[in-house]
Amino acid sequence: MTKHSWMALGLVVPLLVLGWSRLRLETDILATLPAEVPEVRALKLLRDGFAGGSDLIIALEAEDEAVAEEATAALAARLQARGDLVAEVRWAQPMDQLAGSGAALLAWALENAAPDRVQRLRARLEGQGLEAQLQKALQDMTTGLDAERVQRASYDPLGLLEVLDLSAAASLEGSLFGLMSEDGTFRALMVTPASEVGNYKAAGAWLEQIRAEVAAVCEGQVGLKVAYTGEPAFQAEIGAGIERDMSSTIGLTEVLIALLFWVMFRRLKPLLWIQGLVMLSMAVTLGLGGLLVGQLSIMSLGFAAIVLGIIVDYAVLILQEARQHPELKAAELRRSAAPGIAAGACTTAVVFLSLLFSGLPGLAEMGMLVALGVGAGLVVMVGFVPGLAAGQQAEPRRVWKPNVFSNSQVAAMGTLVLMVGSALILMRYGWPVFQTSAEALRPTESAAMDAFQKVQERLGRDHEASVPVLLTGPEEELRARAEALGQRLEAAVAQGLLVRHAVPTLLIADPRAQEANADAVRWLVAEQARFEQAMDAAGFTESAMGLLRGMIGVWQKGEARGAAAPILDRLLATGERAREAGLREGEGVVLASVSVPGKPGLPDREKLRRVQALLRDGSGAWLAGWETLGGALSALVRKDLNQQLLPIVGLIAFTLLLTFRHWVDLLLSALLLVGGLVALAATMSLLGLSWNLASLAAIPLLLGTGIDYGIHILLALRRSGNEVRQVQATTGRAVFFSGMTTVIGFSSLFFAGNKGISSLGLACCLGTLWILLMVLWLLPHWRRWLCRR
């Protein structure tokens, strides 16, 4: 190495080390989605803006209600005792316990209730009205047919909750009592970590400690099932999956490429140093990726296997050149092989860089990383392989020339079968549909996702799907906006678009109402003793006084907002929490919900779309469910596909015009690409596959990578005078190796942990195989037929 080489190395190595140190695994699925889409912003705000957005959800299911209740209570008590691990535990507690824990929230709601309602409450409890109210409560408990009214009278005989309107009561019920199925056999615990678990390793370690606590309570109980979901479970699962996928896909790709190389070339020494150079290329790529991208996500992790499948071709091409010209020295061999390799590498890099126009940042990251890997592989292979290969390879032996695939009649039959078969399949099954749902964004196999869907099914109501709604705006306008939103959603219920809705209007601060209700609150505090004496004389138990005592205690301390914060922070975000979630100074956000006809987790798509349209008028209300992402992202991805295709089509046209000056080769190149995509579409329709948000990127990738194979074969046919056998046995052999390594690289994506990336890998594999079949078998015959005519 020269002095300049050592100086360059001294500059590059520290930069690569810096890149490796910056590289991290991104386990946040939302980080792989476009942040400018309102539905994505809503999901991020839902997670980051409210307390509990990062809670672990522990689901317990038993065959008997009593077993589930006992196990839940025991587990909650054990977790609450671990203050070093857990900050808070929420679960479906008995009603008498909830009366105490919800007292602060009810005190705050009553302070902010409509003054006329509060005044009616005071009038109903003054003088002889108190006795009448208690007698009414007793009558509801003994003769009432409405189970909800009977239950409420047992813990609220004074009717304090009657101050709340229906929507506020529904929100309160959802925040306190919605952690148990109707039959009581399925229960959920919301566990808040004692400290932040900011990365997947910390989340995994914390989750293992929680699992140990759960095992101590639940292990050995027959019929009791436990599942985990929520942000910590997803973080730990996705992070471990990325590590596993990286190691397994790279290892599998390396082994398959090595086997293919051995089968085709039967040389051990070149195989070993090619493997070493591939690893060096990957190390350089990771360093550059750390500098320019900084992260690997669940959508971009498949870049490594794709890069392996591409850059090994460069070494093989140089090796083939050395075998054909053993007299060339290293510098001469490099000058001979580098131009063609560099042209192919630039084409491939541009193809993958087109993914930067994708609406999915995860795909854009993968495109950037593959382009960096192709560039690094080009430099490493062109820099080192000529010195290792020059003058050291034996003369190539005479190659076998195939007969069956060189037969014109067989090729004509194959062309006919391909055309007619594709046409019949597409006529019978139609073109592959585009899946507009967000299913492509979900993990392929995920225990946390399965548990999340189970929680939705068991805690939801039959024939309806609950979807969160976020309402944003200036803090002083939030209450008015919430009232207006409630009215609009009520109209949607009347139209049949919604089954129900819940807007926590009374939980939003109203300074004017607080001032107007202050005197009534002081009166309630002063009358506590009279209320309790009257309830005792009427025969009510101590538990019936728990709600009153809890609210009075909160008012006596003068800290209703602070005491209610554990629950309010799950429904309202203002001040510092709102700013940390990305809102501007002075803005806040309210969490409401709507129930759309359908099944838990599967709302009616048409009605959901109409509800989305109803909220898109500048009112500050957004739907914030995964169910809403599909339509928004689909429109964006389809638009971005046009932007991706423009540079690809332009590059292909420029390359073809520069390479060929004959209309036959231009026509055949176009037919090759169109035929490959049509064959892919027919195969997808036959297999019942569909396009989705991620797999649609296969179209520009196949156009860019497929044209290279056609150029190599067409140029070889031109040089040989359309000698089909010779071209298939020489250039075709190299193209076959190149194509199969690409297929191996794409096939590794099929085992990725993300459904969209997995479907992208499958589409690219099928498309590449069809293009290879047409290039190696049919294309040579097509050119010979056209040139004869």
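Me: Leaving aside neighbours within four places in sequence, which residues is Val-775 in contact with?

Reply: In this predicted model, Val-775 is in contact with Leu-672, Tyr-709, Gly-710, Ile-713, Val-735 and Pro-780, once its neighbours within four places in sequence are set aside.

Me: And what is the largest nonpolar core, the one with Val-775 in it, made of?

Reply: That core has 112 residues, and Val-775 is listed with Phe-303, Tyr-314, Val-370, Trp-691 and Leu-760 as those with the most contacts inside it. Helix H31, which covers residues 755-788, provides the largest share of this core, with 15 residues. There is also a second, separate core of 77 residues, and Ala-482, Leu-506, Val-554 and Trp-555 are included in it.

Me: Let me step back to the whole chain, how many helices and strands does the protein have?

Reply: The protein has 31 helices and twelve strands, and its C-alpha atoms fill a box of roughly 115 × 60 × 55 Å when this is taken along the principal axes. Of the 789 residues in the protein, 53% are buried.

Me: What share of the contacts join residues at least 24 apart?

Reply: If you take the contacts between residues at least 6 apart in sequence, 83% of them join residues at least 24 apart.

Me: Now pockets, what volume does the second largest one have?

Reply: The second largest pocket has a volume of about 1,200 Å³, and 39 residues line it, with Leu-317, Gly-340, Ile-341, Asp-708 and His-712 lying nearest its centre.

Me: Which helix gives the most to that lining?

Reply: H14 does, with ten residues in the lining of the second largest pocket. The helices that each supply at least two residues of this lining are H13 (303-324), H14 (330-353), H26 (629-659), H28 (698-720), H29 (724-729) and H30 (731-747).

Me: How does the lining of the second largest pocket split by class?

Reply: It has 18 nonpolar residues, 17 polar ones and four charged ones.

Me: What about closed spaces, how many cavities of 30 Å³ or more are there?

Reply: The count comes to four cavities of 30 Å³ or more, and the largest cavity holds about 60 Å³ of space. Its lining consists of Leu-355, Ser-358, Gly-359, Leu-363, Val-637, Asp-640, Leu-641, Gln-644, Leu-693, Ala-694, Leu-696 and Ala-697.

Me: Which helix has the largest share of the lining of that largest cavity?

Reply: H26 has the largest share there, with four residues; by class, the lining of the largest cavity divides into eight nonpolar residues, three polar and one charged.

Me: Switching to strands, is S2 mostly covered or mostly open?

Reply: Strand S2, residues 56-61, is mostly covered, since six of its six residues are buried. Both of its faces are covered, with Leu-56, Ile-58 and Leu-60 buried on one side, and Ile-57, Ala-59 and Glu-61 buried on the other.

Me: Which strands does S2 pair with?

Reply: Six bridges join S2 to strand S4 (residues 186-193), and the two run antiparallel; S2 also pairs with strand S5 (residues 225-230) in the antiparallel sense, over six bridges. To give one residue on each side, the bridge partner of Leu-56 in S4 is Val-191, while Ile-58 has Tyr-228 as its bridge partner in S5.

Me: A few single residues now, what is phi of Asn-722?

Reply: Phi of Asn-722 is near 65°, which is a positive value in a residue other than glycine. As background, most residues other than glycine have a negative phi. Asn-722 lies in the loop between H28 and H29.

Me: Why does Ala-349 count as buried?

Reply: Ala-349, which lies in helix H14, counts as buried because its relative accessibility is 15%, and the cut-off for buried is under 20%. As for Asn-722, it is buried too, with a relative accessible area of 13%.

Me: And Ser-422, what does it touch?

Reply: Not counting residues up to four places away in sequence, Ser-422 touches Val-417, Val-678, Ala-679 and Ala-682. Ser-422 has its place in helix H16, residues 408-429, and is buried, with a relative accessible area of 10%.

Me: Last one, how many Å apart are Ala-349 and Arg-90 in space?

Reply: From C-alpha to C-alpha, Ala-349 and Arg-90 are 52 Å apart in space, and they are 259 residues apart in sequence.

How values were computed:
Residues are numbered from 1 along each chain as its sequence is written. This is a predicted model: local features need pLDDT of at least 70, side-chain atom pairs count only at pLDDT 80 or more; totals for chains, interfaces and linings use all residues. Side-chain values use heavy atoms; hydrogens and water are left out. Buried means under 20% relative accessible area, exposed over 50%, partly exposed in between (1.4 Å probe, protein chains only). Two strands pair if DSSP finds at least two bridges between them. On a 1 Å grid over the protein atoms alone, a cavity is a set of points where a 1.4 Å probe fits but cannot get out, and a pocket is an open set with protein on both sides within 12 Å along at least five of seven lines; lining residues have an atom within 4 Å of a point. Grid points are joined across faces, edges and corners, and a volume is the space filled by probe spheres set on the points. Ala, Val, Leu, Ile, Met, Phe, Trp, Tyr, Cys and Pro count as nonpolar, Asp, Glu, Lys and Arg as charged, and the others, Gly among them, as polar. A nonpolar core is a set of buried Ala, Val, Leu, Ile, Met, Phe, Trp, Tyr and Cys residues joined through side-chain atoms within 4.5 Å. Contact means heavy atoms within 4.5 Å.
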